[in-house]
Amino acid sequence: MLFAVCTVNAQTKKADSQPDYYVNSTKLNRAYFPYIKSDYIQEIHVIKNDADHPNGVIYVTLKDEEMVGKILSDKLMSIKDILLKKGLKINKNKPAIYVWDSKLLTDTANVRVPESFLVSVEVTPAANMPYFKTAMPNTSVVTVLTRRADAEVSVRGR
C-alpha cells in the first residue's frame, strides 16, 4: 500500500492553496508522496495554523533517515520530460489525450512521476484506434504507465 496525502482546504483559504510538506525536516515536493510506501513512515504530524506556513504544514518522519536522499535523487518528470527522454513527439498543432495508469487526465500541468517509477510511454495516433478513428482522427493518445501499486493519479492544487 502506498501513502498518499489528501488535504481539504478551509473555505477561507484559496482553493489552490496547499500545505507545505516536510519529510525528515527536508521540504519535499508533494508529487513524491504517492510513491512513498506507508511502510517507510514512522509518524505524521499535521499543523493547520502556523505563522510560517499559512496553508498548513505536514511533517512526515520516515523510519530510514537516508530514504529522503534516495527520494530526492529520483528526478520528478513531467509529461513533457517523459516524452523528451523517450524520444517521442506529438504534434503541437493537434489535440492530444493523456492516459496515466489507465486514468484519463484532464490537467497535465501538475502531473509528475519520479523517474525510477516510469514503466512505459506510448504515443498512438487516434486514427489507429477503432473508436477514435472516426471520432477524433487527428488526435494523439499519450499513454503513460508507472509502477504505482494503486495505479491512481492524485493531482490536486496548483
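**Two sheets and a crossing helix**

Biologist: Good to see this one! How do β2 and β3 run relative to each other, parallel or antiparallel?
Modeller: Strand β2 covers residues 20-23, and 2 bridges join this strand to β3. Keep in mind that this is a predicted model. One bridge links Y22 with K27 of β3. The two strands run antiparallel.

Biologist: Which strands form the edges of the sheet that holds them?
Modeller: That open sheet has 4 strands with mixed pairing, in the order β3-β2-β6-β5. An edge strand pairs on one side only, and this applies to residues 26-27 and 41-47. Those stretches are β3 and β5.

Biologist: Why do β9 and β11 each have a side without a neighbour in the other sheet?
Modeller: Happy to explain! This is also an open sheet of 4 strands with mixed pairing, and its order is β9-β8-β12-β11. Strands β9 (103-105) and β11 (118-125) stand at the edges, so one side of each lacks a neighbour, since each has a single partner strand.

Biologist: And what is the average twist from one strand to the next there?
Modeller: Take the order again, β9-β8-β12-β11. Going from one strand to the next along it, the twist averages 25°.

Biologist: Which residue of β12 is the bridge partner of I97?
Modeller: Residues 96-100 make up β8, and 5 bridges join β8 to β12 (residues 140-146), with the two running parallel. Within β12, I97 has as its bridge partner V141.

Biologist: At about what angle to β11 does helix α2 run?
Modeller: Helix α2 spans residues 79-86 and lies across β8, β9, β11 and β12. Relative to β11, the helix runs at about 85°.

Biologist: Why are the buried residues of α2 on the same side of the helix?
Modeller: The residues in question are I79, I82 and L83, which are buried. They sit on the same side of α2 because the arc they cover around the axis is only 95°.

Biologist: Which exposed residues does the face turned away from that buried side carry?
Modeller: On the buried side, the cover includes β7 (76-77), β8, β9, β10 (113-114), β11 and β12. The face of α2 turned away from there carries exposed residues, namely K80, L84 and K85.

Biologist: One last loop, please: does D101 count as buried or exposed?
Modeller: D101 lies in the loop between β8 and β9. Its phi is positive, near 50°, although D101 is not glycine. Because its relative accessibility is 3%, and the cut-off is under 20%, D101 counts as buried.

Key: Residues numbered from 1 in each chain as written. Predicted model: local features only at pLDDT ≥ 70, side-chain atom pairs only at ≥ 80, totals over all residues. Heavy atoms only, no water. Pairing = 2+ DSSP bridges. Axes fitted to C-alpha atoms, helices over the stretch in contact; angles between N-to-C directions. Contact = heavy atoms within 4.5 Å. Buried < 20%, exposed > 50% of the residue type's maximum accessible area, 1.4 Å probe, protein only. Arc of directions from axis to C-beta.
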